[in-house]
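Notebook open, coffee poured. I want to go through this chain one step at a time and jot down what I find.

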Amino acid sequence: MPPVIATATTVPFMPTATCCCQATTTTTITTEGPITTADAALSLSLTLGETSLLRLLQLCSPALPIGAFAYSQGLEPAVVAGWVHDEASAAAWIGGLLQGSLATLDLPALVRLYGAWENNDGAVDAWTALLSASRTAAELQAEDRHLGGALARVLSGLDLVDASPWIARDDVTYAAMFALAACRWGVPLQAALSAYAFVWCETQVSAAVRLIPLGQSAGQRVLSTLGAAIPAAVARAVTVTDDQIGASTPAHGIASALHETQYSRLFRS
């Protein structure tokens, strides 16, 4: 049976440099049977708005010229040490970081950075500084600074003027610039959190495919497993209080520190 479509008036963010709001009509889809992939895609498009959806896809694209492919975030030394050696251990390692670091540090910080950009207040500086200081190894901090600066440069070239001052700042982070783009382009917070988590998982899986190595099909199975865990990670992230923000992944920090003196390296972290 075709989906039943109902309309309602809401006030979403407009994709402008000032995050102004404007009343508009969005559409909710309900079905009398199982939700199909087409239903889900249509629901996402109507919830975000076509322009915001396309902007979010651009922000998450592997073609975005920020150099994320060059970083493994400690996965390379974990493979060298034998901690990660096959499909199951790759899913366990990346999934552990998703729940023990991303859901309790990066995503909660992203929530606050999004709100700070929305309110145009000085809290952006505080939260990006906290996120940068929370990186447990020098390479992880350098990676965040590089990706954040590169994304700021891209956004500046796309006429997001708020990104320009961050290009050369030492405390710039990828999450701060991702939050800026999501806010200014009218991407709802929940969608931004899920997209951020998926991009991180996809980058880690890509590194695992090259390092272990895994076959392409195995990589997709791992990504599918991680994708199923993202909603729970996002749900957890939005409940984390300010004093609970942080990561509990000591092996991640150890691996990243070991990578600094690793004899042969494919990745920068």
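Before counting anything, I noted the cut-off: a residue is buried when its relative accessible area is under 20%. This is a predicted model, and 47% of the chain's 269 residues count as buried.

**Entry 1, the overall layout.** I looked up the secondary structure and got ten helices and two strands. Reading along the sequence, I wrote down β-β-α-α-α-α-α-α-α-α-α-α. Then I checked contacts between residues at least 6 apart in sequence, and 74% of them join residues at least 24 apart. For the surface, I noted about 12500 Å² exposed, with carbon and sulfur atoms supplying 59% of it.

**Entry 2, helix 6.** I picked helix 6, which runs over residues 138–157 and has 20 residues. From first C-alpha to last it reaches 29 Å, close to the 28 Å expected at 1.5 Å a residue. Which residues of helix 6 are buried? My list reads E139, L140, E143, D144, L147, G148, G149, A150, L151, A152, V154 and L155. A reminder to myself: an α-helix has 3.6 residues a turn, so residues three or four places apart point the same way. Next I asked what covers the buried residues of helix 6. The cover includes helix 2 (50–60), helix 5 (123–133), helix 7 (174–184) and helix 10. After helix 6 comes D159, and I noted its positive phi, near 75 degrees.

**Entry 3, the largest pocket.** I put its volume down as about 690 Å³. Two or more lining residues come from each of helix 2, helix 4 (87–119), helix 6 and helix 8 (189–211). Which element gives the largest share of the lining? It is helix 8, with eight residues. In total I have 36 lining residues, and A68, Q73, E143, L147 and T203 lie nearest the centre. Two of those names, E143 and L147, were already on my list of buried residues in helix 6. By type, the lining splits into 19 nonpolar, eleven polar and six charged residues.

**Entry 4, H259.** I finished with H259, found in helix 10, which spans residues 250–259. Is H259 buried or exposed? I have it as buried, because its relative accessibility is 0%. Leaving aside neighbours within four places in sequence, I found H259 in contact with E76, P77, E139, R265, F267, R268 and S269. One of these partners, E139, is also among the buried residues of helix 6.

Technical notes:
Residues numbered from 1 in each chain as written. Predicted model: local features only at pLDDT ≥ 70, side-chain atom pairs only at ≥ 80, totals over all residues. Heavy atoms only, no water. Buried < 20%, exposed > 50% of the residue type's maximum accessible area, 1.4 Å probe, protein only. Contact = heavy atoms within 4.5 Å. Expected span 1.5 Å × (residues − 1). Areas by Shrake-Rupley, 256 points an atom, 1.4 Å probe, with all protein chains shown as cover. 1 Å grid on protein atoms, 1.4 Å probe; cavity = no way out; pocket = protein on both sides within 12 Å on 5 of 7 lines; lining within 4 Å. Points joined across faces, edges and corners; volume = space filled by probe spheres on them. Nonpolar A, V, L, I, M, F, W, Y, C, P; charged D, E, K, R; others polar.
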